[in-house]
Amino acid sequence: MPGLQFKIEIHKSNPKIWRRVIIPYEYTFYKFHLAIQGAFGWENRHLFQFSKNGFLDKLCYAELNEESNDDPEFITKDAKKAKIKNVFVKQDQFKYLYDMGDRWEHNIKFEEVIGGEIERPYCIEGGGACPPEDCCGLGGYEAILESLNTPGHPKQEQNIIWLGLLPREKWDANFCSIREVNRRLCLLE
C-alpha cells in the first residue's frame with residue numbers, strides 16, 4: 001500500500017512547531033490522530049477532532065460518544081471508521097484540534113501520495129519542541145518560554161520543575177529529534 005505525505009504544524013506557533021509525516025494509505029482518522037500524537041509528543045489525554053476549518057465546522061471526524069450528534073446542525077463521523085484517503089484525495093487542507101480546553105489547533109496540508117509499501121507512520125522532517133500537556137494553550141506555552149528566558153522570572157523555577165528539566169538543562173523550543181519522533185511512531189504498529 002502507498003502512503004500519504006502531510007505537513008502538520010501547530011497554528012500560529014512561534015517558533016514554528018511542525019512535522020512532515022508519511023501515513024499508511026488505509027489509515028482511519030483515529031489512527032491518524034494517534035500518529036499525530038506520536039509525531040508531536042502529545043500524551044493522548046484529551047478529546048480531538050478533524051474538520052475542514054476548525055472548531056465551528058458542522059462536520060467533523062472524532063471518537064464517538066453518547067453526546068456525539070446530539071445537535072442536528074453538527075455531524076460527527078466516527079474517526080475509527082472513516083478513512084483519511086477518502087477525504088484527503090479531494091481536499092488538501094484540514095484542521096486537527098486537540099484538547100478542547102487548551103485548544104491546540106494544527107494545520108494539516110496534504111502534500112502527495114508516496115509509492116512503495118508504507119506499513120507504519122514515520123516522520124521525515126520537523127521543527128520545534130512540542131509544548132507540554134495542559135499548559136493553557138499557545139498563550140500558556142509562550143508564557144513558559146518567556147519565564148525560561150527571563151533571568152529571575154518568578155515562575156522560572158516552577159516551570160523548570162514542571163518541564164522535568166535537570167539542573168542547568170535548557171529547554172530548546174526549536175529542537176525536534178526525528179529519531180525520537182520515529183521511535184514513538186514505531187510503537188503504534
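Let me start with overall size. For 189 residues, a compact globule would have a radius of gyration near 16 Å, and the protein chain comes out at 17 Å, so the two agree. Keep in mind throughout that this is a predicted model. Along the principal axes, the C-alpha atoms fill a box of roughly 50 × 40 × 25 Å.

Next, the fold. The protein chain has 5 helices and 8 strands. In sequence order the pattern reads β-β-α-β-β-β-α-β-β-β-α-α-α. How many of the contacts join residues at least 24 apart? Taking contacts between residues at least 6 apart in sequence, the share is 66%.

On to the surface. Of the 189 residues, 46% count as buried. The exposed area of the protein chain is about 10,400 Å², and carbon and sulfur atoms supply 51% of that. As for charge, there are 25 positive and 29 negative side chains. The centres of those two sets lie 4 Å apart.

Now some individual places, beginning with Asn174. Where does Asn174 lie? It is in the loop that runs between helix 4 (156–163) and helix 5 (178–186). Is Asn174 buried or exposed? Its relative accessibility is 53%, and the cut-off for exposed is over 50%, so Asn174 counts as exposed. Exposed or not, Asn174 has contacts with residues from elsewhere in the sequence. Leaving aside neighbours within four places in sequence, Asn174 is in contact with Pro15, Gly127, Gly128 and Ala129. Asn174 and Ile17 are 157 residues apart in sequence, yet their C-alpha atoms are 7.8 Å apart in space.

One of those contacts, Pro15, deserves a look of its own. Pro15 sits in the loop between strand 1 (3–10) and strand 2 (18–24). The peptide bond joining Asn14 and Pro15 is cis, with omega at about 5°. So if you are looking at the model, the cis bond leads into a residue that Asn174 contacts.

Two other backbone points. Arg103 is not a glycine, but its phi is positive, near 60°. You will find Arg103 in the loop between strand 6 (93–98) and strand 7 (104–114). Cys136 is the other case: also not a glycine, with a positive phi of about 75°. Cys136 belongs to the loop between strand 8 (122–127) and helix 3 (137–148). With a relative accessible area of 61%, Cys136 is exposed.

That brings me to the cysteines. A disulfide is a covalent bond between the sulfur atoms of two cysteines. How many disulfides does the structure hold? The count is 0. Cys135 is in no disulfide, and the nearest cysteine sulfur, that of Cys136, is 6.8 Å away. The cut-off for a disulfide is 2.5 Å between sulfurs, so that pair does not qualify. Cys135 is buried, at a relative accessible area of 5%, whereas Cys136 is exposed. Cys186 is in no disulfide either; for Cys186 the nearest cysteine sulfur is that of Cys123, 13 Å away. At 39% relative accessibility, Cys186 counts as partly exposed.

To recap the local points: the cis bond is between Asn14 and Pro15, Asn174 contacts Pro15 from another loop, and the structure holds 0 disulfides. That is what I have.

How values were computed
Residues numbered from 1 in each chain as written. Predicted model: local features only at pLDDT ≥ 70, side-chain atom pairs only at ≥ 80, totals over all residues. Heavy atoms only, no water. Buried < 20%, exposed > 50% of the residue type's maximum accessible area, 1.4 Å probe, protein only. Helix = DSSP H or I, 4+ residues; strand = E, 2+ residues; numbered from the N terminus. Rg over C-alpha atoms; globule rule 2.2 N^0.38 Å. Contact = heavy atoms within 4.5 Å. Areas by Shrake-Rupley, 256 points an atom, 1.4 Å probe, with all protein chains shown as cover. Lys, Arg positive; Asp, Glu negative; His and termini not counted. Charge placed at Lys NZ, Arg CZ, Asp CG, Glu CD.
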